[in-house]
Amino acid sequence: DHRDLHSFPTRRSSDLVRLLITSHLGIANDVIYLPAADVADAEANGYVDSDPAAVAYAAALPQNQAAA
């Protein structure tokens, strides 16, 4: 039984998340990196959303665009 090891998810040291509320982490709708170990707690407490669609939405907002 040969398994392709690349098909298994790997644990990242940090995840890109969207802030849902203004807190000590930043302003609502900011996109930040959060240590992977903290993401589940932050999501359970309603601070962040790690869903890729939510992160993409927030990343497209003017507040997350690099100043030209």
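**Entry 1: Q63 and its contacts**

I began with the side chains of Q63 and D30, which a polar contact of 2.9 Å joins. The model is a predicted one, and I read every value below as computed from it. I then looked for Q63 along the chain and found it in the segment after α2. What else does the side chain of Q63 have a polar atom close to, at 3.5 Å? I found the backbone oxygen of N29 at that distance.

I listed the contacts of Q63, leaving aside neighbours within four places in sequence. They are I27, A28, N29 and D30. I also checked V31: its C-alpha atom and that of Q63 are separated by 9.4 Å, and the two residues are 32 apart along the chain.

Is Q63 buried or exposed? I noted a relative accessible area of 42%. Buried would need under 20% and exposed over 50%, so Q63 falls in between and counts as partly exposed.

**Entry 2: N29**

I stayed with N29, one of the contacts of Q63. N29 lies in the loop between β1 and β2. I looked up its backbone and found a positive phi of about 75°, although N29 is not a glycine. I wrote this down because most residues other than glycine have a negative phi.

**Entry 3: the elements in order**

I counted two helices and three strands in the protein. Read from the N terminus on, the elements run β-β-α-β-α.

**Entry 4: the sheet**

In what order do the three strands stand in the sheet? I read β2-β1-β3, in an open sheet with antiparallel pairing. β2 (31-35) and β3 (48-49) are at the edges and have a single partner strand each, so one side of each is left without a neighbour in the sheet.

I went through the pairings next. β1 and β2 run antiparallel, joined by five bridges. In this pairing, S14 has P35 of β2 as its bridge partner, and R18 stands opposite V31 in β2. Strand β1 (residues 14-19) also pairs with β3 in the antiparallel sense, over two bridges. Here R18 stands opposite D49 in β3. I therefore have R18 down twice, facing V31 in β2 and D49 in β3.

**Entry 5: the helices on the sheet**

I looked at where the helices sit. Helix α1 (residues 36-44) packs on the sheet and touches β1, β2 and β3. The direction of α1 makes about 110° with that of β2. Helix α2 (residues 52-59) packs on the sheet as well, touching β1, β2 and β3. For α2 I noted an angle of about 65° with the direction of β1.

**Entry 6: the faces of β2**

Which residues of β2 are on the covered face, and which on the uncovered one? I found I32 and L34 on the covered face. V31, Y33 and P35 make up the uncovered face.

**Entry 7: L34**

I followed L34, which is found in strand β2. Its relative accessible area is 7%, and under 20% means buried, so L34 counts as buried. Not counting residues up to four places away in sequence, L34 touches S14, D15, V17, L25, V39, A42 and V48. I checked V17 further: the C-alpha atoms of L34 and V17 are separated by 6.8 Å, with the residues 17 apart along the chain.

**Entry 8: the core**

I looked up the largest nonpolar core and found seven residues in it: V17, L19, I32, L34, V39, A42 and V48. β1, β2 and α1 each supply at least two residues of this core.

I took V39 as a second member to follow. Leaving aside neighbours within four places in sequence, V39 is in contact with D15, V17, L34, V48 and S50.

**Entry 9: whole-chain values**

I ended with the totals. Of the 68 residues of the protein, 25% count as buried. The protein exposes about 5000 Å², and carbon and sulfur atoms supply 55% of this. Of the contacts with a separation of 6 or more, 47% come from residues 24 or more positions apart.

How values were computed:
Residues are numbered from 1 along each chain as its sequence is written. This is a predicted model: local features need pLDDT of at least 70, side-chain atom pairs count only at pLDDT 80 or more; totals for chains, interfaces and linings use all residues. Side-chain values use heavy atoms; hydrogens and water are left out. Helices (H or I, at least four residues) and strands (E, at least two) are DSSP runs, numbered from the N terminus. Contact means heavy atoms within 4.5 Å. Axes are lines fitted to C-alpha atoms, for helices over the stretch in contact, and angles run from 0 to 180 degrees between N-to-C directions. Buried means under 20% relative accessible area, exposed over 50%, partly exposed in between (1.4 Å probe, protein chains only). Accessible areas come from the Shrake-Rupley method with a 1.4 Å probe; for residues, only the protein chains shown count as cover. A nonpolar core is a set of buried Ala, Val, Leu, Ile, Met, Phe, Trp, Tyr and Cys residues joined through side-chain atoms within 4.5 Å. A polar contact is a pair of N or O atoms within 3.5 Å; within protein, one must be able to donate a hydrogen and the other to accept it, and residues adjacent in sequence count only if both atoms are side-chain atoms.
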